[in-house]
Amino acid sequence: MNGWLALLAAGLLEIIWALGLKHSDGLTRFWPSVATAIAILLSFAMMSLALRSLPFGTAYAVWTGIGAAGSIVAGMILYSEPADPMRLLCLTLIVAGMIGLKLNSPV
């Protein structure tokens with residue numbers, strides 16, 4: 001699997017496990033907790049595949065950036081969290097940073 005695709009999958013799974021944590025009520029609900037644990041394991045597995053070919057710092061920053069940006073967007077869409085201009089600016093900066101790291105990556 002291509003390192004960047006594995007990294008994208010790892011980041012998307014990070015969003016899923018963050019949502020799972022929200023729905024698990026502090027890991028007190030069985031099925032949401034199980035789904036969260038599976039998403040965490042799969043996210044780590046995909047990240048480990050990505051690290052075979054991508055620089056560590058770039059991969060980790062993009063992985064957490066996908067999770068952070070995706071969680072912000074999910075919060076806005078699913079939980080009516082604020083989408084004020086400052087939050088959108090900060091979200092844009094996270095995405096711009098990830099794009100910059102990708103464009104500057106040797107791989």
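Is Asp 25 buried, partly exposed or exposed? With a relative accessible area of 49%, Asp 25 is partly exposed, because exposed begins over 50%. I will come back to that residue. First, a caution: this is a predicted model.

I start with helix H2, residues 30–50. H2 has 21 residues, and at 1.5 Å a residue these should span 30 Å. The C-alpha atoms at the two ends are 30 Å apart, so expectation and model agree.

Which residues of H2 are buried? They are Pro 32, Ser 33, Thr 36, Ala 39, Ser 43, Met 46, Met 47 and Ala 50. Around the axis these residues cover an arc of only 155°, so they sit on the same side of H2. That buried set packs against helix H1, residues 3–23, and helix H3, residues 56–79. On the face turned away from the buried side, H2 carries the exposed residues Phe 30, Trp 31 and Leu 41.

Next, the core. In soluble globular proteins, nonpolar side chains tend to be buried together. Here the largest nonpolar core has 17 residues, and the members that touch the most others are Leu 7, Met 47, Leu 54 and Val 62. Two or more residues come from each of H1, H2, H3 and helix H4, the last being residues 85–103. H1 gives the largest share of this core, six residues.

Take Leu 7 as one of those well-connected members. Leaving aside residues up to four places away in sequence, Leu 7 touches Met 47, Ala 50, Leu 54, Ala 59, Val 62, Trp 63 and Ile 66. Two of these names, Met 47 and Ala 50, were also on the buried list for H2.

Now the rings. How many aromatic pairs does a search of the whole structure find? It finds four. One of them is Phe 30 with Trp 31: the ring centres are 4.7 Å apart and the planes are at 75°, so the pair is edge-to-face. Phe 30 and Trp 31 are both exposed.

Another pair is Tyr 60 with Trp 63, with centres 5.7 Å apart and planes at 65°, so this one is edge-to-face too. Tyr 60 and Trp 63 are three residues apart in H3, which means about one helical turn separates them. Tyr 60 is partly exposed, at 41% relative accessibility, whereas Trp 63 is buried, with a relative accessible area of 9%. Together with Phe 44 and Phe 56, Tyr 60 and Trp 63 form one aromatic cluster.

Two lysines also lie over ring faces. Lys 22 is over the face of Tyr 79, at 5.2 Å from the ring centre. Lys 102 is over the face of Trp 4, at 4.7 Å from the ring centre.

Last, the backbone, and back to the opening residue. Most residues other than glycine have a negative phi, and most peptide bonds are trans. Asp 25 has a positive phi, near 50°. Its place is the loop between H1 and H2.

Ser 80 also has a positive phi, near 55°. That residue is found in the loop between H3 and H4. At 66% relative accessibility, Ser 80 counts as exposed, whereas Asp 25, at 49%, is partly exposed.

Technical notes. Residues numbered from 1 in each chain as written. Predicted model: local features only at pLDDT ≥ 70, side-chain atom pairs only at ≥ 80, totals over all residues. Heavy atoms only, no water. Helix = DSSP H or I, 4+ residues; strand = E, 2+ residues; numbered from the N terminus. Expected span 1.5 Å × (residues − 1). Buried < 20%, exposed > 50% of the residue type's maximum accessible area, 1.4 Å probe, protein only. Arc of directions from axis to C-beta. Contact = heavy atoms within 4.5 Å. Core = buried A, V, L, I, M, F, W, Y, C linked by side-chain atoms within 4.5 Å. Phe/Tyr/Trp six-rings, centres within 6.5 Å; stacked < 30°, edge-to-face > 60°. Lys NZ or Arg CZ within 6 Å of the ring centre and 35° of its normal.
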